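User: Please take a close look at a single part of the chain shown below, following its charged side chains and whatever surrounds them. I would like one connected account rather than a list.

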Amino acid sequence: MAISDMPMLSVLRTKMQWHQERQRVLAENVANSDTPRFKPRDLVEPKFDKMGGPAAGGAMGTLPMMRAQGVNLTPSGAAATFDQNNRVGYETRPAGNAVNLEDEMLKVSANQMDFAAASSLYTRSLGLLKTAIGKR
């Protein structure tokens with residue numbers, strides 16, 4: 001069994017990849033904060049079972065987009081993993097834009113801290129494995 005196939009390292013690697021993709025989506029939300037009728041998006045967090053595999057009903061693998069306002073093509077056989085924030089009322093500007101910069105920046109900050117924690121755990125796990133096999 002290769003070191004990269006260990007369930008804990010696989011879970012941490014998947015989590016870091018999810019945080020990278022979420023950072024891209026959140027940056028897109030911030031970049032489009034002045035675009036008329038733009039609705040912010042977010043990713044559904046992946047779920048894992050006790051053995052480190054994908055949990056039943058959890059969003060894993062590719063991250064297909066959800067149909068937005070009936071103009072996008074629906075991916076064949078794929079579950080939607082984007083979470084549309086259906087904001088109405090005072091949170092939507094007259095131009096139809098629903099991006100709240102304060103909320104988005106809080107999400108970006110939390111995402112950055114979670115990524116740092118996952119990458120630190122990954123690095124320490126590799127260090128422990130190197131110590132265990134005598135390479136350190």
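Analyst:
**Charged pairs and their surroundings**

Being three residues apart in helix α1, arginine 24 and glutamate 21 are separated by about one helical turn. An α-helix has 3.6 residues a turn, so residues three or four places apart point the same way. In this predicted model, the side chains of the two residues do meet, in a salt bridge with an N to O distance of 2.6 Å. Both partners are partly exposed, arginine 24 with a relative accessible area of 41% and glutamate 21 with 25%.

A second pair leaves the helix. Glutamate 28 and arginine 41 form a salt bridge at 1.9 Å, N to O; because glutamate 28 lies in helix α1 and arginine 41 in strand β1, this pair ties together parts that are 13 residues apart in sequence. The two ends differ in their cover, since glutamate 28 is partly exposed at 26% relative accessible area, whereas arginine 41 is buried at 14%.

A third pair involves the neighbour of arginine 41 in the strand, and here the closest N and O atoms, belonging to aspartate 42 and lysine 107, are 3.9 Å apart. Aspartate 42 is in strand β1 and lysine 107 in helix α2, so that distant parts of the chain, 65 residues apart, are linked by the pair. Here both partners are buried, aspartate 42 with a relative accessible area of 8% and lysine 107 with 18%. Salt bridges with shared partners also gather Glu21, Arg24, Glu28 and Arg41 into one network, and the structure holds seven salt bridges in total. Side chains of opposite charge can pair when their charged atoms come close.

Arginine 22 also belongs to this region. Found in helix α1, which covers residues 7-31, arginine 22 is buried, with a relative accessible area of 12%. Leaving aside residues up to four places away in sequence, arginine 22 touches Asp42, Leu43, Lys107 and Asn111, and two of these, aspartate 42 and lysine 107, are the partners of the salt bridge described above.

The helices themselves frame these contacts. The 25 residues of α1 should span 36 Å at 1.5 Å a residue, and the end C-alpha atoms of α1 are indeed 36 Å apart. Its buried residues include Leu9, Leu12, Met16, Trp18, His19 and Arg22. Helix α2, with 32 residues (101-132), reaches 46 Å from its first C-alpha to its last, close to the 46 Å expected. Glu104, Lys107, Val108, Asn111, Ala118, Tyr122 and Gly127 are the buried residues of α2, and they pack against α1 and β1.

Away from the charges, the same two helices share nonpolar contacts. The largest nonpolar core has five residues, namely Leu9, Leu12, Met16, Ala118 and Tyr122. The elements that give two or more residues to this core are α1 and α2, with α1 giving the most, three residues. Methionine 16, one of the core residues, touches Phe115, Ala118, Ser119 and Tyr122 when residues up to four places away in sequence are not counted.

The loop between α1 and β1 returns us to glutamate 28. Phenylalanine 38 is found in that loop and, at 14% relative accessibility, counts as buried. Beyond its sequence neighbours up to four places away, phenylalanine 38 touches Glu28, Asn29, Asn32, Gly96, Asn97, Ala98 and Val99, so that glutamate 28, whose side chain also meets arginine 41, is among its contacts. The C-alpha atoms of phenylalanine 38 and alanine 95 are separated by 8.9 Å, although the two residues lie 57 residues apart along the chain. Arginine 37, in the same loop between α1 and β1, counts as exposed at 61% relative accessibility, and takes a positive phi of about 60° although it is not a glycine.

As for the setting of this region, the elements of the chain run α-β-β-α from the N terminus on, and 28% of its 136 residues count as buried. Among contacts between residues at least 6 apart in sequence, 62% join residues at least 24 apart; the link between aspartate 42 and lysine 107 spans 65 residues.

How values were computed: Residues numbered from 1 in each chain as written. Predicted model: local features only at pLDDT ≥ 70, side-chain atom pairs only at ≥ 80, totals over all residues. Heavy atoms only, no water. Helix = DSSP H or I, 4+ residues; strand = E, 2+ residues; numbered from the N terminus. Buried < 20%, exposed > 50% of the residue type's maximum accessible area, 1.4 Å probe, protein only. Contact = heavy atoms within 4.5 Å. Expected span 1.5 Å × (residues − 1). Core = buried A, V, L, I, M, F, W, Y, C linked by side-chain atoms within 4.5 Å. Salt bridge = Lys/Arg side-chain N within 4 Å of Asp/Glu carboxyl O.
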